[in-house]
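Student: I've got a model open and I'd like to learn how to read it feature by feature. Can we go through it together?

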Amino acid sequence: MGNCTSLQPLQFRRLALFLSLAFKAAVLIQQWYRRYVARLEMRRRCTWRIFQSIEYACEQDQIKLHNFFSYLMDHFTPSSSKERDFISRMFISGESFKEAELEKYCDYESMEVPDSYTGPRLSFPLLPDHATALLEAFKQKQQLHARYVLNLLHETRKHLKQLPNISHVSTCYSEEVTVCGDLHGQLDDLFFIFYKNGLPSPSKSYVFNGDFVDRGKQSLEILIILFTFLLIYPKEVHLNRGNHEDHMVNLRYGFAKEVMQKYKVHGKKILKMIQNVFCWLPLATLIDQKVLIIHGGISDTTDLDMLQKIQRNKVGWSFPSGSGRRCRSKSSGAASWWTASRSQRSPPIPILDILWSDPMPQEGCRVNTVRGGGCYFGPDVTDKILEKYNLQFLIRSHECKHEGYEFCHNRKVLTIFSASNYYEIGSNRGAYVKLGPDLVPHFVQYQASKTAHTLTMTQRISRVEESAFRALREKLFAHTSALISAFKAYDKDNTGKISLSSWAMAVESVLHLGLPWRMLRPQLVRSTVDGMLEYKSWLDDLAMEQRSQEHIQSSLLEVIYRNRSNLETIFRIIDRDHSGLISFEEFRQTWKLFSTHMNIELTDDGIDDLVRSIDFNKDGNIDFNEFLEAFRLVKQSQVCLQMQSREREGRYL
């Protein structure tokens, strides 16, 4: 009895000690986990900023290329009718095709579908069974015959021409309206949306808010599905135009190449029809006169009444020139530009802000210098538009969001983005939003990739981070020459070393990406001596990474990395029939056109020698690799001339 009572206090003390230690352990584990999650979140945010900065810098390059073409049109005077015809063919836009010419390109009735064709077949008017058959066929990686593609585009164009610039949707006639953001050629995301939310029907309306194409590998299949449902359910399916529903943008970001690869015989006709169909897509959608859906955003000059009156098919390239708030109409073709004065060209119109703008937390409205086009609009601009048109909130897309959606401006602007794993597997969720008669948004988030579900959070972030830093190192390598000059400006004593803070400032001064370089330094700079960086050896390491992939002289490889996208876009513009080849004459005219702007001096005989030297297979045409070779040869000759000039200067000194 006495022993039992004497043991009880001892047991209590042990239990109390155990509980105290367990509590302390739990607190330590919790603190460690919070720090661990915080570090992961910091890594994720840095990675996100890298991807987004590089993406927007690429868009800036696209707009600079457009400005380059605008400069040519302003300053180049053709010396012959041959040059005038060549430039007109290069810059003619989709909406300038005459009706008869479009009918010629859309001669689907003359195409025969062979008995051996096992894919889906379409007959018009379309029925829901046709849409179901298409979905199943695309899941099985089957391809729709070119005849049916052209027929579908022809019927879609006829339907779109009858629509206003701003579509109107009512929740009175359907249970709910589902709004989807950017899909960017990712067919699995569209399949997942239909699987989770149901197919379009009289009781289920959809609004697809632009950027259906580019970047992904199945843009054409997405277009075919959306156009099919549009024709079956014209009152329930609504499509807004995005900034990627544009021929010039498609030349750069992959959609034009995708179409030509999938339809080698009739791809040219399909592309020209799609180019024209894009011109007829509506610009905005209103739900119950209370919710405005636009792809990009608004500005302090946005006027929905003016937007309703615009001849949307007359708007050419959907990205701006110069200030980022101007668009030029090319309905009369490029040739008229030479004789038209600046005052005769079309004035600024709101379509650019609708397609390209982004919200910002600060008040006001300013030019979107990050993208190079559209504007940044603040909460006061949003309030002004909502009050003026008696709206509740805006829905827009255009920006990838980590969770697939994001509110801003006191929940009055909603960004919805439907392409999951946009930058890399595991980088972001996709989402869509459902609105009922009460117009309260209900979100559905998803990861369409099965691989993403098998990865832990750490594995996802590490995978995305690796991809982001690989892209960033390529960007750094592409600006090697400029970086050396920037580093030397900080290396006053010519020691070959600079401080890490100087390294960060120099890199930002060259790339203008707005990244936290000091935070990113451990991933980019592996070795330092006493806090100093030997920048030449660091740049050599970057070059080694790229040279391991391509056996090209480092200085020339740098030039190719920096200019490849622009050169490929230029090549595709010249290649009007999308055959992957340009003729000798087209090549000659192109070099004559660009030589003054690019500071490349070549005589007619020099151009002839160049074109013969790069035609490796002697087929009388130039493919893209041969086109790159011409650029390398000319750049190499410039380098040699510069070296010779320096040697002569050295002798005189």
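**Reading the model, feature by feature**

Tutor: Sure, and let's start with one side chain: phenylalanine 18 is exposed, at a relative accessible area of 55%. Keep in mind throughout that this is a predicted model.

Student: Where does phenylalanine 18 lie, and which residues make a nonpolar surface patch with it?

Tutor: Phenylalanine 18 is part of helix α1, residues 2-75. Together with Leu15 and Leu19 it makes a nonpolar surface patch of about 320 Å².

Student: Next, helices. How many residues of α5 are buried?

Tutor: The cut-off to use is under 20% relative accessible area for buried. In α5, 13 of the 16 residues are buried, so this helix is largely enclosed by the rest of the structure. As for its geometry, α5 covers residues 146-161 and reaches 22 Å from first C-alpha to last, close to the 22 Å expected at 1.5 Å a residue.

Student: Now the sheet. In what order do the five strands come?

Tutor: The order is β4-β3-β2-β13-β14, in an open sheet with mixed pairing. At the edges stand β4 (237-239) and β14 (441-446), and each has a single partner strand, so one side of each has no neighbour in the sheet. From one strand to the next, the twist averages 20°.

Student: Which pairs run parallel or antiparallel? Start with β2 and β3.

Tutor: Strands β2 (residues 176-180) and β3 (residues 204-208) run parallel and are joined by five bridges. β2 pairs with β13 in the antiparallel sense, over four bridges. β13 and β14 also run antiparallel, with six bridges between them.

Student: Can I trace that across the sheet through individual residues?

Tutor: Yes, try valine 179. It stands opposite valine 207 in β3, and also opposite valine 433 in β13. From there, valine 433 stands opposite phenylalanine 443 in β14. One general idea to carry along: in a regular strand, side chains alternate between the two faces of the sheet.

Student: Is β13 enclosed or open to the outside?

Tutor: Five of the six residues of β13 (residues 430-435) are buried, so the strand is largely enclosed by the rest of the structure.

Student: On to salt bridges. How many does a search of the whole structure find?

Tutor: The search finds 20. Take lysine 262 and glutamate 221, whose closest N and O atoms are 2.8 Å apart. This pair links distant parts of the chain: lysine 262 is in helix α9 (residues 255-262) and glutamate 221 in helix α7 (residues 219-232), 41 residues apart. Lysine 262 counts as partly exposed at 22% relative accessibility, while glutamate 221 counts as buried at 12%.

Student: What does a salt bridge within one helix look like, say arginine 470 with glutamate 466?

Tutor: Those two both lie in helix α16 (residues 457-478), four residues apart, which is about one turn of the helix. Their closest N and O atoms are 3.9 Å apart. Arginine 470 is partly exposed at 39%, and glutamate 466 is exposed at 51%. Elsewhere, salt bridges that share partners join Asp358, Arg371, Arg396, Glu399, Lys401 and Glu406 into one network.

Student: Are glutamate 399 and arginine 396 buried or exposed?

Tutor: Glutamate 399 counts as buried at 10% relative accessibility, and arginine 396 counts as buried at 1%. The two form a salt bridge with their closest N and O atoms 2.6 Å apart.

Student: Last topic: backbone angles. What is the general idea?

Tutor: Most residues other than glycine have a negative phi, and most peptide bonds are trans. Here, a cis peptide bond joins phenylalanine 124 and proline 125, with omega about 5°. Proline 125 sits in the loop between α3 (99-105) and α4 (128-139).

Student: And which residues have a positive phi? Try aspartate 214 and arginine 411.

Tutor: Aspartate 214, in the loop between β3 and α7, has a phi near 80° and is buried, with a relative accessible area of 0%. Arginine 411, in the loop between β11 (405-408) and β12 (413-416), has a phi near 65° and is exposed at 55%. Back at the sheet, the hairpin of β13 and β14 has five residues between its strands, and leucine 439 there takes a positive phi near 60°.

Technical notes:
Residues are numbered from 1 along each chain as its sequence is written. This is a predicted model: local features need pLDDT of at least 70, side-chain atom pairs count only at pLDDT 80 or more; totals for chains, interfaces and linings use all residues. Side-chain values use heavy atoms; hydrogens and water are left out. The expected span of a helix is 1.5 Å times one less than its number of residues. Buried means under 20% relative accessible area, exposed over 50%, partly exposed in between (1.4 Å probe, protein chains only). Patches are made of residues with over 30% relative accessible area and no salt bridge: like charges are joined within 9 Å, nonpolar side chains (Val, Leu, Ile, Met, Phe, Trp, Tyr) within 5 Å. Accessible areas come from the Shrake-Rupley method with a 1.4 Å probe; for residues, only the protein chains shown count as cover. A salt bridge is a side-chain nitrogen of Lys or Arg within 4 Å of a carboxyl oxygen of Asp or Glu. Two strands pair if DSSP finds at least two bridges between them. Axes are lines fitted to C-alpha atoms, for helices over the stretch in contact, and angles run from 0 to 180 degrees between N-to-C directions.
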